[in-house]
Amino acid sequence: MRDVREWTTSLVRLVKRHRDPVVVQALRSSAAATIAYVIALRLSPEAAPLTAPLTALLVVQVTLYSTLTTGIRRVNSVVAGVFVAIAFSLLVGLTWWSLGLLIMAALAVGHLVRVDEFVPEVAISAMLVLGVTTVGDTAWARVLETLIGAVVGLGCNLLFAPPVWVGEAGESIEGLARRVRQLMLSMGEEAAGRTPVEHATARLHEARRLDHDIVEVDAALRQAEDSLRLNPRVKEGLLHRVVLRTGLDTLEICTVVLRVLARTFTDLAKERDSEPSPRSFAAETGAAVERLLSEIADAVVSFSVLVTTPVSLNADAAESRLTAELRQAAATRDKLAQLLLEEVQRDARQWQLLGAVLTEVNRILDELDTEHRSRRLLEELDRVSREQRERMPRLTRLREGLRVPEQLRRNRTDAERRSR
């Protein structure tokens, strides 16, 4: 029985490994490079046409969108470098001073043809072609190999769809939310008891370090957004991109407010450090702060689950859970507001800091509110759709032209049904 269980576990791990985007990308890149080399052996006059597999390897990027854009720019850079080399070989040949002029001219041409990050590739191609004896044959062979590699790379992404990195981006967003939750729980526990200035300052530094986590999550999200563009495996790529992006924006705002809240707690600890019993809050108020931060922390995690859960996987349940948690947190917030008012009436010296605590908590609750999220999501969808229409007006007119016959057909069908 134990052997069967171990074998099953190993099989599950193997299946997950084969579905891992990194493994899939490695297999696709290796296959594209090999196919490009085999084709180039038959079509190129070179004995070892390594430019073709090199181009295919570089063209087959992580996503189909970046593959298309990268492939075009890379082909342009190589062809531009070849033409620069041919011109220099006919005029001056290869000398130490012509090599310097060649590099300068190739870099300038690279900026003119707008190949972006492949500007050095123009100079590299020009130097490689200029350094051989049979310039003409080698130049056109290099162009042919580059085209073979680019076509094979594009074909592999069209036939074998690139992996979608939404799952990895979702895990990054949820990981950020759980780190925020852990920090909130720590701040709440310290608020309920005696808070030394050193502990409050440590929580402040921890809140500031969340900025580095946001940068990493943003990089993962950008990769996921590219993997959704022009991908045949994704039906609603725009919606997925906007949902994830607005979700990360909300979490980023929450981390900024949390950093301000940590600074407020630090200032309270400094103000009351000289008192005989240095507590940032009264006992009952501190308990309410701890309970409120715990409830908000759970809501942050539920929010991350909501924005990373597809509709088909019961996102309604995640939204209902988030709504219930926010309702409970709002009730605790109201109780805390009353306790803070009573504390200010007893001692008004720190009324600004105590009011700031309530203000910052309200901002986090407002950002996590489901109605606020829906409104922000619709606004972002409208903005992105409007930018796409302005950037590609012809494609927009074509889509609208295709929708008109479909709408006419539906209207005709409805009219026939009503006449019956």
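The exercises below, each with a worked solution, concern a predicted model of one protein chain.

**Exercise 1. The chain as a whole**

Describe the secondary structure of the protein chain, the share of its residues that are buried, and the share of its contacts that join residues at least 24 apart in sequence.

Solution. Begin with the secondary structure, which comes to 15 helices and zero strands. Next take burial: of the 420 residues in the protein chain, 42% are buried. Finally turn to the contacts between residues at least 6 apart in sequence, of which 78% join residues that are at least 24 apart.

**Exercise 2. The largest nonpolar core**

Which residues touch the most other members of the largest nonpolar core, and which elements give two or more residues to this core?

Solution. The largest nonpolar core holds 59 residues, and those that touch the most other members are Phe 265, Phe 281, Ile 296 and Leu 368. The elements that give two or more residues to this core are α8 (166-192), α9 (197-228), α10 (237-271), α11 (283-308), α12 (315-346), α13 (351-368) and α14 (370-391). Apart from this core lies another one of twelve residues, including Ala 85, Ala 106, Ala 123 and Ala 126. As a step towards the next exercise, consider Ile 296, which, when neighbours within four places in sequence are left aside, is in contact with Met 184, Ala 329, Val 361, Ile 364, Leu 365 and Leu 368. As background, in soluble globular proteins nonpolar side chains tend to be buried together.

**Exercise 3. Two helices side by side**

Work out how α11 is oriented relative to α13 from the angle at which their axes cross, and then state which residues meet where the two helices are in contact.

Solution. The first step is to read the geometry: the axes of α11 and α13 come within 11 Å and cross at roughly 25°. Because angles under 35 degrees count as roughly parallel, α11 is roughly parallel to α13. The second step is the handedness of the crossing of α11 and α13, which is left-handed. The third step is to list the residues: from α11 come Leu 292, Ile 296, Ala 299, Val 300 and Phe 303, and these meet Val 361, Ile 364, Leu 365 and Leu 368 of α13. Sorted by class, the contact of α11 with α13 has nine nonpolar residues, no polar residues and no charged residues.

**Exercise 4. Ser 304 and Ile 173**

Is Ser 304 buried or exposed, and which residues is Ser 304 in contact with once its neighbours within four places in sequence are left aside?

Solution. Ser 304 lies in helix α11, and because its relative accessible area is 0%, Ser 304 is buried. Leaving aside neighbours within four places in sequence, Ser 304 is in contact with Ile 173, Glu 174 and Ala 177. Now follow one of these partners: Ile 173 is found in helix α8 and is also buried, with a relative accessible area of 0%. With the neighbours of Ile 173 within four places set aside, its contacts are Val 217, Leu 244, Leu 251, Ser 304, Val 307 and Thr 308. Distances complete the picture, since the C-alpha atoms of Ser 304 and Gly 175 are separated by 8.8 Å, although these residues are 129 apart along the chain.

**Exercise 5. Thr 255**

Where does Thr 255 lie, and what does Thr 255 touch beyond residues up to four places away in sequence?

Solution. Thr 255 has its place in helix α10, and at 1% relative accessibility Thr 255 counts as buried. Not counting residues up to four places away in sequence, Thr 255 touches Val 180, Leu 210 and Ile 214.

Conventions
Residues are numbered from 1 along each chain as its sequence is written. This is a predicted model: local features need pLDDT of at least 70, side-chain atom pairs count only at pLDDT 80 or more; totals for chains, interfaces and linings use all residues. Side-chain values use heavy atoms; hydrogens and water are left out. A nonpolar core is a set of buried Ala, Val, Leu, Ile, Met, Phe, Trp, Tyr and Cys residues joined through side-chain atoms within 4.5 Å. Buried means under 20% relative accessible area, exposed over 50%, partly exposed in between (1.4 Å probe, protein chains only). Helices (H or I, at least four residues) and strands (E, at least two) are DSSP runs, numbered from the N terminus. Contact means heavy atoms within 4.5 Å. Axes are lines fitted to C-alpha atoms, for helices over the stretch in contact, and angles run from 0 to 180 degrees between N-to-C directions. Angles under 35 degrees count as roughly parallel, over 145 as roughly antiparallel, 65 to 115 as roughly perpendicular and the rest as oblique. A crossing is left-handed if the near helix is turned anticlockwise from the far one by less than a right angle, and right-handed if clockwise. Ala, Val, Leu, Ile, Met, Phe, Trp, Tyr, Cys and Pro count as nonpolar, Asp, Glu, Lys and Arg as charged, and the others, Gly among them, as polar.
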